[in-house]
Amino acid sequence: MDNKLPNMDYDADEVINEFKEKIKWPKNKEVTAVVKPSKLPLRILLSLLITIVVGAAAYYMMLPALNIHDLQMYLYLILLVVVFMLSFALVCRANKKVERKEYVKKKSLVPVIIIGVILVVMAVGYVAGVTLFRAESYSQLMEVTDSDFETDFEDISYDKVPRIDAQRALTLADQQLGSLSEYKSQYVVSDYSTQINYKNTPVRVAYLEYADVFKWFNNTKDGLPAYMLIDLVSQQVSAVNCVDEFGEGIKYSPTELFNEKLIRHLRFQYPTELLDTPNFEIDDTMHPYWVTAVLDKTIGLFGGTDVKGAIITDALTGESQYYDIEQIRTDSSLNWIDVVYSEALIIEQYNYYGKLQNGFWNSIIFQEDVNIASTGSGNIAMDDDVWVYTGVTSAESDTSNFGFILCNQRTKETRYYANAGAIESAAQQSATDAVQNYNYGATFPILLGIDGTPTYFMSLYGDGDTVKGYAFVNLEDKTIVGTGLLDVAKSDAGALNSALESYIDALKEKGIAGDVNKEDVLVDENDIAGSDNVSDSETPDTTDTAENTGGGERDNANTITGEVTDIRSSVNDGNTVYYLQIDGKYYYISVVDAMEVLLISTGDTVTVEFEDSDNDTFIPATSVTTE
């Protein structure tokens, strides 16, 4: 019986050394001859097959453009050469037989030369595009024209400019998504949103992402069911259900995996194009699209980045169409597109323009007429387009601007305004100092004209990223400040008017706007954009009111009791507002005013007290009680 047991008497070090002996590469001093491996064509073919398999996997992950201007393509080619060399060495058993090792080493000369040539091409292409030698070319990437502030800003209404920035818009979108049970836990709001003009209203649109890989596995077949629409004026948020509106979900997005991943889908459709980061946009029918700028390197191999066109991809079906940049600029049917040039590219090109007009060495040593964009940028809606706004300051980053620029994100039209004043960060500080007792922060300022006076406009926000008020700061004199707070004014329009009134009073004290009539600039509280209306996407169909009625009975002129047939919600001024449909009409009330609304479900019978309203569909409620 004992004879059948395996011999357990062995030395561990001996086993390890034996393993090392099997895998070690032979040493050069052991070479006695250089022997050509047998069946060499078969070994080369096998090496090529390994390279193709590894190369295909690498391409699927790296997604380089097959374009001489793409740095990743050169790295990909080098990877293929290295994989072939290693595969050939292993197939020839160069790690086993010393004579094979020497043969492989001699045959590796050609791949090494190929890698050397690739590196030389990269180096020459890079040097040919450095600003040291091509300063003039870089300074001409952007054409800037002088413009007049008072003329261009005359039609920009300060009661219709964005009240919230990208960060606070996403905070509201997160809050709204969390209140929608059908999307809860399955999806999250993307960190990336796009500011666009939707029917002459500044909004941000943000796509959803799967909460994790398991949620992707459960839901990817149907795609993302909705996207978030944030009205930057009224601060109302809507989840636009693509399945209800268009019959299917968003099948192609950055959150997908495998072939439905947007950038991979685009690469397979356009293998040679240099692609910028796609922007999520909607057309006038609220149909979702991806707008992807197609880039060109105009200086050397890797320098002078510019846009030559854009790919418009249907987010639902994945169908794509390329448009040349000139067609996007001139074709009226494409005017719904708002963002082709990214803010980063616009700022980069302006800095080249501002620094290099008088040569490279002047930008470093003398710095005559050298200027750059100030820190930070914002967006302004003008001429039914979205424009990037940023101040212009000296290369030494002064505490003041001597002008500012606007650049159209669809056409790249760039205008310069020689209006000097406080730098944006200084204006933000002035606004926060004016309300320092509240510890509010200020959004990045937007430049507006108050009776022809250049003025920074900012929203004030609290710890919860909700808007608490507004501030106006004079461009030329940052000590001239006007603020209005929602807690004091009790309404959005009231807070805006309070800020305007105090700002105009401060202007008059400095003798700047002595003839300004407040009544001409104050906002009509009944007409302010978004104060009483939900967005179009949330407006329910009430054409068949007979079918929607819950049999409501009016107890008196301002009370109704009936069955709730539909419930909608939105986020207004940072507060969640619920819309209860009774007898074909929607009665809305904030959660702050009636916590009971959180417990109401469709089919419940409730009594609503409401205010008189000229709107026959949406009626403000003062209280809601369940029966």
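Me: Why is threonine 607 called buried?

Reply: Threonine 607 has a relative accessibility of 13%, and buried means under 20% relative accessible area, with exposed over 50% and partly exposed in between (1.4 Å probe, protein chains only). Its value falls under that cut-off, so threonine 607 counts as buried. This is a predicted model, where local features need pLDDT of at least 70, side-chain atom pairs count only at pLDDT 80 or more, and totals for chains, interfaces and linings use all residues. Residues are numbered from 1 along each chain as its sequence is written, and side-chain values use heavy atoms, leaving out hydrogens and water.

Me: What makes the pair of threonine 607 and threonine 561 a polar contact?

Reply: Their side chains come to 2.9 Å. A polar contact is a pair of N or O atoms within 3.5 Å; within protein, one must be able to donate a hydrogen and the other to accept it, and residues adjacent in sequence count only if both atoms are side-chain atoms. The 2.9 Å pair therefore fits the distance limit.

Me: How do you know that the buried residues of H6 lie on the same side?

Reply: In helix H6 (residues 131-139; a DSSP run of H or I, at least four residues, numbered from the N terminus), the buried ones are Ala135, Tyr138 and Ser139. They cover an arc of only 90° around the axis, judged by directions from the helix axis to the C-beta atoms, so they share one side of H6.

Me: Which exposed residues does the face turned away carry?

Reply: That face of H6 carries Phe133 and Glu136.

Notes: Helix = DSSP H or I, 4+ residues; strand = E, 2+ residues; numbered from the N terminus.
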